[in-house]
Amino acid sequence: MDKFISNNSNFLVYVIPIPINKVYDAIEIKLDDPSYIVKCQIKVYGKYYNNLFANDVFDGQIVVSNYKLTNEKMRKVYFIKDGCPLEYYHDTGRYDNNGRRIYEEYIFGRIYSKSWFRGMIISVFRDNALNKNEGWRVEGGWGGWDTQQGYCIVPNVTTREEAINVLLKNKVIP
């Protein structure tokens, strides 16, 4: 009788969070308006999880100057090829029937980035640009984003031409 020998090797992988605290100088451009260039900063702080067998994850805060709502609580960011939504939770100041605070989801845009925030680009949903320093959002939601008219925040560049080149190189725009 043949014997079946199983060689089940189990191993455990620990992902140790690495603290991150960075500030990036950036510019915001609007793709269909060559005169629209706004200097800003992106502050990234929290814990970075460098995963061997899955996508890297960031759990913390990404705050964009001029956008007050990016100071709100934020959902985790996953470093995936097609970008990850930047989702924040706005405290409405209201409570449900059980006395718990009510939060509303706020989608700022999408982040495109390689690991460790290298080559980071943020596409901003169009109606959010109307809310820059305001308290909540315009009526009707956040709008969308497209490659013809969209707002983009690109760190580590100083001119529109440099920003466009980064967007082209990372295939955010065709």
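**Questions about a nine-strand sheet**

Guide: Welcome! In this predicted model, β1 and β9 pair in the antiparallel sense, with five bridges between them.

Visitor: What makes β1 and β9 count as a pair?

Guide: Pairing calls for at least two bridges between two strands. β1 and β9 have five bridges, so they qualify as a pair. One contact point to look at is Ile29, whose bridge partner in β9 is Cys152.

Visitor: How do you know that β4 and β6 are paired?

Guide: The cut-off is at least two bridges, and β4 and β6 (residues 84-95) are joined antiparallel over two bridges, so they count as paired. Within this pair, Lys73 has Tyr89 of β6 as its bridge partner.

Visitor: And how do you know that β1 and β2 are paired?

Guide: These two antiparallel strands are joined by 13 bridges, and the requirement is at least two, so the pairing stands. Glu28 is opposite Val38 of β2. The two strands form a hairpin, with two residues between them.

Visitor: What holds paired strands together in general?

Guide: Strands of a sheet pair through backbone hydrogen bonds, in a parallel or an antiparallel arrangement.

Visitor: What is the order of the strands in the open sheet, and which are the edge strands?

Guide: The nine strands are ordered β4-β6-β7-β8-β9-β1-β2-β3-β5, and their pairing is antiparallel. β4 (73-74) and β5 (77-78) are the edge strands, each pairing on one side only.

Visitor: Why is 73-74 called a strand?

Guide: A strand needs a run of at least two residues, and β4 covers 73-74, so this stretch qualifies. In total, the protein has one helix and nine strands, running β-β-β-β-β-β-β-β-β-α from the N terminus.

Visitor: Where does helix α1 lie relative to the strands?

Guide: Helix α1 (residues 160-169) lies across β1 (18-30), β2 (33-49), β8 (121-124) and β9 (151-155). The angle between α1 and β1 is about 115°.

Visitor: Why is Gly60 called buried?

Guide: Gly60 has a relative accessible area of 18%, and buried means under 20%, so Gly60 is buried. Gly60 belongs to strand β3 (residues 57-64). Neighbours within four places in sequence aside, Gly60 contacts Tyr45, Gly46 and Met74. Gly60 and Met74 are 14 residues apart in sequence, with 6.9 Å from C-alpha to C-alpha. Across the protein, 40% of the 174 residues count as buried.

Visitor: What makes Ile102 partly exposed?

Guide: The relative accessible area of Ile102 is 27%; partly exposed lies between the buried cut-off of 20% and the exposed cut-off of 50%, so that label fits Ile102. Ile102 sits in strand β7 (residues 101-112). Not counting residues up to four places away in sequence, Ile102 touches His90, Asp91, Thr92, Gly93, Arg94, Tyr95 and Asp96.

Visitor: What makes a residue one of those touched by Ile102?

Guide: Contact means heavy atoms within 4.5 Å. His90 is among the residues that Ile102 touches, so His90 and Ile102 have heavy atoms within that limit. Tyr89 is 13 residues from Ile102 in sequence, and their C-alpha atoms are 9.5 Å apart.

Visitor: How many residues line the largest pocket, and of which classes?

Guide: The lining has 13 residues, and those nearest the centre are Lys81, Tyr112, Ser113, Asn170 and Val172. By class there are five nonpolar, four polar and four charged residues, around about 250 Å³ of space. Lysine counts as charged, so Lys81 belongs to the charged residues of this lining.

Key:
Residues numbered from 1 in each chain as written. Predicted model: local features only at pLDDT ≥ 70, side-chain atom pairs only at ≥ 80, totals over all residues. Heavy atoms only, no water. 1 Å grid on protein atoms, 1.4 Å probe; cavity = no way out; pocket = protein on both sides within 12 Å on 5 of 7 lines; lining within 4 Å. Points joined across faces, edges and corners; volume = space filled by probe spheres on them. Helix = DSSP H or I, 4+ residues; strand = E, 2+ residues; numbered from the N terminus. Axes fitted to C-alpha atoms, helices over the stretch in contact; angles between N-to-C directions. Buried < 20%, exposed > 50% of the residue type's maximum accessible area, 1.4 Å probe, protein only.
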